[in-house]
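Student: I am new to this structure and would like to know how its descriptions are justified. Could we take them one at a time?

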Amino acid sequence: MRPVQYALEPLLSLFQRLQAVTMPEMKKALGTQVDVTVFRKLAALDHLTSYSHRGSFYTLPAIAQFDEQGLWLGRGAWFSKHGTLLDTAETLVRASTTGYHAAELEACVHVPVKDTLRQLTQAGRIHRSEHAGLYLYTAPARERRQEQLAARHSLTQVEGQEQQKIRA
């Protein structure tokens with residue numbers, strides 16, 4: 001049996017020092033030029049890949065300090081405890097009280113989501129309907145969707161009343 005040539009310790013200390021790291025940084029820490037070597041070491045660790053920056057950043061769940069929506073920003077890259085951007089968007093839309101317009105979800109996840117929402121809608125993972133001239137994305141289950149639409153309708157009425165007060 002071959003001895004272990006690349007120790008895991010340099011990789012762990014790199015994560016502790018930088019919190020979110022890229023493939024070139026991990027290669028340098030391990031002293032290799034081969035991606036597969038890094039992936040073998042990562043396989044031994046529970047790790048996360050960023051949903052921003054085309055997944056080019058990695059971190060460990062123990063390092064990430066997720067907010068109430070399960071998102072974390074490390075070195076300018078966004079990570080989600082829900083996984084990919086598709087899974088994150090689906091989870092946020094389903095859990096939302098009022099559903100999301102695309103711009104609202106973009107403001108939440110900090111990356112463009114139009115294509116993501118299109119893919120989720122086509123796959124039946126979320127529902128899309130028109131609301132106030134914009135598409136509103138809600139849960140696919142009818143009962144939950146109706147709850148979200150009712151809450152959105154109430155929110156729209158409250159916002160309308162506040163706007164009237166401002167104008168007056």
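Student: Which residues have the most contacts inside the largest nonpolar core?

Tutor: This is a predicted model. Its largest nonpolar core has 21 residues, and those with the most contacts inside it are F15, M26, Y58 and F79. Two or more residues each come from α1, α2, α3, β3 and β5.

Student: What makes it a nonpolar core?

Tutor: Its members must be buried residues of nonpolar kinds such as Phe, Met and Tyr, joined through side-chain atoms within 4.5 Å. F15, M26, Y58 and F79 belong to such a set. A second core, of 18 residues, lies apart from it and includes W78, L105, V113 and L117. As background, nonpolar side chains tend to be buried together in soluble globular proteins.

Student: Why is the protein called more spread out than a compact globule?

Tutor: The globule rule gives 15 Å for 168 residues. The radius of gyration is 21 Å, well over that value, so the protein is more spread out than a compact globule. Along its principal axes, the C-alpha trace spans about 75 × 35 × 20 Å. Seven helices and seven strands make up the secondary structure, and 39% of the residues count as buried.

Student: Why are β1 and β2 said to stand at the edges of their sheet?

Tutor: The sheet is open, and its three strands come in the order β1-β3-β2 with antiparallel pairing. β1 (21-22) and β2 (48-49) each have a single partner strand, so one side of each is left without a neighbour in the sheet.

Student: How do you know that β2 and β3 pair?

Tutor: Pairing requires at least two bridges between the strands. β2 and β3 (residues 57-59) have two bridges, in the antiparallel sense, and that meets the requirement. T49 has Y58 in β3 as its bridge partner.

Student: How many bridges join β4 to β5?

Tutor: Four bridges join these antiparallel strands. W72 stands opposite F79 in β5. The hairpin has two residues between the strands, and R75 there takes a positive phi near 55°.

Student: Why is Q19 called partly exposed?

Tutor: Buried means under 20% relative accessible area and exposed means over 50%, with partly exposed in between. Q19 has a relative accessible area of 38%, so Q19 is partly exposed. Q19 is found in the loop between α1 (9-18) and β1. Leaving aside residues up to four places away in sequence, Q19 touches L14, Y58, T59, I63 and W72.

Student: What makes these residues count as touching Q19?

Tutor: A contact means heavy atoms within 4.5 Å. L14, Y58, T59, I63 and W72 are counted as touching Q19 on that basis. A separate value concerns Q65: Q19 and Q65 are 46 residues apart in sequence and 10 Å apart in space, C-alpha to C-alpha.

Student: How do you know that the buried residues of α5 line one face of the helix?

Tutor: The buried residues of α5 (residues 102-109) are A102, L105, C108 and V109. Seen down the helix axis, they fall within an arc of 125°, so they line one face. Turned away from that buried side is a face carrying the exposed residues A103 and A107.

Student: What do the buried residues of α5 pack against?

Tutor: They pack against β4 (71-74), β5 (77-80), α4 (85-95), α6 (114-122) and β7 (134-138). After α5 comes H110, with a positive phi near 70°.

Notes:
Residues numbered from 1 in each chain as written. Predicted model: local features only at pLDDT ≥ 70, side-chain atom pairs only at ≥ 80, totals over all residues. Heavy atoms only, no water. Buried < 20%, exposed > 50% of the residue type's maximum accessible area, 1.4 Å probe, protein only. Arc of directions from axis to C-beta. Rg over C-alpha atoms; globule rule 2.2 N^0.38 Å.
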